[in-house]
Structures are given as C-alpha cells and as structure tokens.
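Visitor: I've just started learning about proteins. Could you walk me through this one?

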Amino acid sequence: LVLKLQPQDIARWTGGGARIVHLVRDPAEMVTSGYLYHRRGSEPSWTNSTLCSRDLCQLPDAAAATGDKFAAQRFFNAMPAAPWLRLLGCPPSARTYLDCLQTAGLAAGLAIETRRAAHTIETMLALQTVTHGPGSRTRQLELRSLERASFNATFRSLAAWLEHPARGDTELLARARRLCFGGGKVLTAAHATRGSPSRAGSPLAA
C-alpha cells in the first residue's frame, strides 16, 4: 500500500515488479473535498503547524533525489511553512494552512486549495501515464468505486486481480467495510462531497 506517492517515488515503486493499486479521483471533487476537509481543521498535525510537510511543501531537488520519503521528514522539519503559504496566495496574517483557509474567502480559499493540490494531481496523471499499457502491474481504481453501493464488487474484483483468496471471504469483506465505513479515513463524512448511496439490503449481499 503506497500512500501519497510523490513524483520522485514513481520509478522506485513501478520498477520492481510490485503490483500497485492506483486510486484516482476527479480533480474538481478532490479540490472541493480538500477545501472543506482542511478548513474544518482536519489533520491538524500539518494544517495547524508552522512547519512544512509533504502535504504543503515540496522538497529541494537535492533532498527529493534520495527517494526516501521517511528521511525527507527531517528536511521538512527544518523548513518554515510561511514562504509556502505566501506562494499559495494565503493572507499575510496566516501562520498555518488552517489559518489560511479560515481567513480567506470562499473563492480565494478554493483557488489556494487548487494550487496546493496541483502537485498531487500532476503526480496522479504522471503515474497513470507511466503505468498505462499492456502488461501493466498497476490497477487503477476511481475513489468513488469504494462507496457503499459499489464497494463489494470493487473488493472482489481487486482480490481476483491480486489472485488473493479473499475474493470469496465474506468475513474479510465485512472487516474491510468496517474499516472504510465504521470510522476508517477513506470515505468518512468529512470527505464526502456527494450524496450517500442507498443502504437498502444486506451490505454483504451485493
């Protein structure tokens, strides 16, 4: 499982023969959801910090070249967030990204979140280009395929692609649903930007 893949990580993860599940999302939905989610004060470890993080800043080329996302944290810890907030267009008084979104107006806030998310969107497109084609060991999934109505079919299809016996394991499917919809981070109410699908019927019957 690779979380928040960066451009310098792509060759490292795609060159070793590992199978990768690439989650993609409509950029407009991504920006809208990110704006609402971060303006509420979610993920305070970086939104309410005066230091940089992978979510807000970009590493200098020399640091990014190491390809080690964990070692990179020491570079971020030495970088103040303020210059990056100014680059994004945050109000001069903002000391954190949370301050920025809460003091900027709606239109300005959406524009700021668009600029912040641009790096993630570019990486999503770059990975799609690199891994597209016959023989690819990357499976692309739209994030909305993990919503309640389609979750079971997505789970079983993914397990079959991975050649994993979990495709027929209803207990594991139930656990996966609890992780996503019973307090997991993937599609919590805070991230929702669209109406919830109907819950009619047994959740394991689909």
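Visitor: Which pattern does the protein follow, read along the sequence?
Guide: Helices (H or I, at least four residues) and strands (E, at least two) are DSSP runs, numbered from the N terminus. The protein has 10 helices and 2 strands. Put in sequence order, they give α-β-α-α-α-α-α-α-α-β-α-α.

Visitor: And where does the model come from?
Guide: It's a predicted model, in which local features need pLDDT of at least 70 and side-chain atom pairs count only at pLDDT 80 or more, while totals for chains, interfaces and linings use all residues. Residues are numbered from 1 along each chain as its sequence is written, and side-chain values use heavy atoms, with hydrogens and water left out.

Visitor: How much of the protein counts as buried?
Guide: Buried means under 20% relative accessible area, exposed means over 50%, and partly exposed is in between (1.4 Å probe, protein chains only). The protein has 206 residues, and the share that counts as buried is 36%.

Visitor: Which element gives the most to the largest nonpolar core?
Guide: A nonpolar core is a set of buried Ala, Val, Leu, Ile, Met, Phe, Trp, Tyr and Cys residues joined through side-chain atoms within 4.5 Å. The largest one has 19 residues, and Leu56, Phe76, Cys90, Tyr97 and Ile112 have the most contacts inside it. Two elements give two or more residues to this core, α6 (82–88) and α7 (97–103). The top giver, with 3 residues, is α7.

Visitor: Which residues is Ile112 in contact with, leaving aside its neighbours within four places in sequence?
Guide: Contact means heavy atoms within 4.5 Å. With those neighbours set aside, the list for Ile112 is Leu88, Gly89, Cys90, Tyr97, Cys100, Leu101 and Ala104.

Visitor: Trp46 and Tyr97 form an aromatic pair, so what kind is it, and how far apart in sequence are the parts that the pair ties together?
Guide: Rings of Phe, Tyr and Trp (its six-membered ring) pair if their centres lie within 6.5 Å; planes under 30 degrees apart count as stacked, over 60 as edge-to-face and the rest as tilted. Trp46 and Tyr97 sit 5.6 Å centre to centre with 25 degrees between the planes, so this pair is stacked. Trp46 is buried, and Tyr97 is too. Trp46 belongs to helix α3 (residues 44–47) and Tyr97 to helix α7, so the parts tied together are 51 residues apart in sequence.

Visitor: Which ring pairs with Phe151 in helix α9, 4 residues apart?
Guide: Phe151 is buried, with a relative accessible area of 4%. Its partner also counts as buried, at 17% relative accessibility. The ring centres are 6.5 Å apart and the planes at 25 degrees, so the pair is stacked. About one turn of the helix separates Phe151 from its partner, Phe155.

Visitor: Which residues do ring pairs link into a cluster?
Guide: The structure holds 3 aromatic pairs. Ring pairs join up one cluster from Phe151, Phe155 and Phe181.

Visitor: What do the buried residues of α9 pack against?
Guide: In α9, the buried residues are Phe151, Asn152, Thr154, Phe155 and Ala159. They pack against β2 (138–142) and α10.

Visitor: Why do the buried residues of α10 line one face of the helix?
Guide: An α-helix has 3.6 residues a turn, so residues three or four places apart point the same way. In α10, the buried ones are Leu173, Ala174, Ala176, Arg177, Cys180 and Phe181. On the other side, Glu171, Arg178 and Leu179 are exposed. The buried residues line one face because, seen down the helix axis (using directions from the axis to the C-beta atoms), they fall within an arc of 160 degrees.

Visitor: What should helix α10 span?
Guide: The expected span of a helix is 1.5 Å times one less than its number of residues. Helix α10 (residues 170–181) has 12 residues, and the distance between its end C-alpha atoms agrees with the expected value, which is 16 Å.

Visitor: How far apart in space are Arg115 and Leu87, C-alpha to C-alpha?
Guide: Arg115 is found in helix α8 (residues 106–131) and is partly exposed, at 43% relative accessible area. Leaving aside neighbours within four places in sequence, Arg115 is in contact with Leu87, Leu88 and Gly89. Arg115 and Leu87 are 28 residues apart in sequence, and their C-alpha distance is 9.0 Å.
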